[in-house]
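Q: Could you take one part of this model and walk me through it closely? I'd like to know how it sits among its surroundings.

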Amino acid sequence: IYLAWLQNRASFTEFVRTGRAGLDLTAAVADDLWASYAAPARLQWPDLAPRVLEYWTAAGVTPTTVPGVRILDLGCGAGYKTFCLLQADPSAHVTALDRPKVLAVAQDIAAAMGVSQQVTFTSSDVADAFFAEAFDIVLLGNFLHYYNDATAIDLLRTAHRSLYSGGCAVIFTRIVDDERTDSAALLSAIDVSNCAPYAQHRTFREYQRLL
């Protein structure tokens with residue numbers, strides 16, 4: 001996928017001129033690219049999962065604070081961001097939702113992490129997902145920045161409908177500073193903005209407004 005991004009830079013001046021992105025990573029034809037993006041985690045998860053578990057612990061999500069937690073992982077990708085919670089709590093459960101080729105990677109990683117029996121794999125585009133009050137936590141993977149505000153709000157409404165009362169939605173994404181002048185995330189904006197029709201990095205305040 002990084003090669004696709006780099007090759008897509010050749011069309012960046014045309015994108016600036018016309019506003020038409022060179023890639024559309026929200027389209028079904030992008031499945032192979034997203035699978036390739038997730039695939040390295042087959043080897044990397046032993047290093048990545050403990051770090052993510054530290055983030056969950058810092059956020060107050062542990063087997064003690066939320067025993068038997070039910071999680072919807074929207075756009076799960078490789079899946080280790082939530083699978084690490086299953087390793088810590090055998091009574092916890094994850095519903096992992098993504099496109100079929102990406103789910104194949106997540107299934108391999110769940111097996112490697114020893115948590116396959118605690119995961120329900122659901123094949124769907126995130127924009128088509130629907131659940132009703134079934135989860136303690138909804139994790140929105142690193143994808144909201146590929147959608148315009150209206151679609152992002154619809155996705156957040158899906159997350160809200162999927163939560164038990166008192167549940168928590170978690171957005172995993174990069175943010176830029178309010179002035180859009182001093183953020184490492186701006187370096188990737190060249191690629192992100194040219195990879196879907198409405199892609200953009202948002203500020204923290206902009207995500208607050210969407211919420």
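A: Here is a look at helix α6 and what packs around it, followed by a few loop residues.

Keep in mind that this is a predicted model. Helix α6 covers residues 100-113, and its 14 residues should span 20 Å at 1.5 Å a residue; the end C-alpha atoms are 20 Å apart, so the expectation and the model agree. Which residues of α6 are buried? They are V102, L103, V105, A106, I109, A110 and M113. These residues cover an arc of only 155° around the axis, which puts them on the same side of α6. As for what covers them, the list includes three helices, α3 (31-38), α4 (41-58) and α5 (80-88), along with the strands β2 (93-98) and β3 (119-123).

Now for the helix partners. Two packed helices are described by the angle between their axes and the distance between the axes. Take α5 and α6 to start with: their axes are 10 Å apart and the packing angle is about 25°. That makes α5 roughly parallel to α6, since angles under 35 degrees count that way. On the α5 side the contact uses Y80, F83, C84 and Q87, and on the α6 side A106, I109, A110 and M113. The handedness of this α5 and α6 crossing is right-handed.

Then there's α4 against α6. Here the axes come within 10 Å and cross at roughly 50°. That makes α4 oblique to α6. A41, R42, W45 and A49 of α4 make the contact with A104, V105, D108, I109, A112 and M113 of α6. Again we have a right-handed crossing as α4 passes α6.

So how do α4 and α5 deal with each other? Their axes come within 8 Å and cross at roughly 70°, and α4 and α5 are therefore roughly perpendicular to each other. This crossing of α4 and α5 is right-handed too. From α4, the residues involved are A41, W45, L48, A49, V52, L53 and W56, and they meet Y80, K81, T82, C84, L85 and Q87 in α5. Put the contact lists together and you can see some residues turning up twice: A41, W45 and A49 of α4 appear against both α5 and α6, while Y80, C84 and Q87 of α5 appear against both α4 and α6.

The two ends of α6 deserve a look as well. Leading in, R99 lies in the loop between β2 and α6. Is R99 buried or exposed? It is buried, with a relative accessible area of 9%, and the cut-off for that is under 20%. Leaving aside neighbours within four places in sequence, R99 is in contact with L25, T26, A27, A28, A30, D31, W34, S123, S124 and D125. At the other end, G114 comes just after α6 and takes a positive phi of about 75°.

On the topic of phi, most residues other than glycine have a negative one. R180 is a residue other than glycine with a positive value, near 55°. You'll find R180 in the loop between β6 (175-176) and α8, partly exposed with a relative accessible area of 34%.

One last loop residue: Y198 sits between α8 (189-192) and β7 (202-203). Not counting residues up to four places away in sequence, Y198 touches H145, Y146, Y147 and N148. As for A30, one of the contacts of R99, its C-alpha atom is separated by 16 Å from that of Y198, 168 residues apart along the chain.

Definitions and conventions: Residues are numbered from 1 along each chain as its sequence is written. This is a predicted model: local features need pLDDT of at least 70, side-chain atom pairs count only at pLDDT 80 or more; totals for chains, interfaces and linings use all residues. Side-chain values use heavy atoms; hydrogens and water are left out. Helices (H or I, at least four residues) and strands (E, at least two) are DSSP runs, numbered from the N terminus. The expected span of a helix is 1.5 Å times one less than its number of residues. Buried means under 20% relative accessible area, exposed over 50%, partly exposed in between (1.4 Å probe, protein chains only). The arc is that of the directions from the helix axis to the C-beta atoms. Contact means heavy atoms within 4.5 Å. Axes are lines fitted to C-alpha atoms, for helices over the stretch in contact, and angles run from 0 to 180 degrees between N-to-C directions. Angles under 35 degrees count as roughly parallel, over 145 as roughly antiparallel, 65 to 115 as roughly perpendicular and the rest as oblique. A crossing is left-handed if the near helix is turned anticlockwise from the far one by less than a right angle, and right-handed if clockwise.
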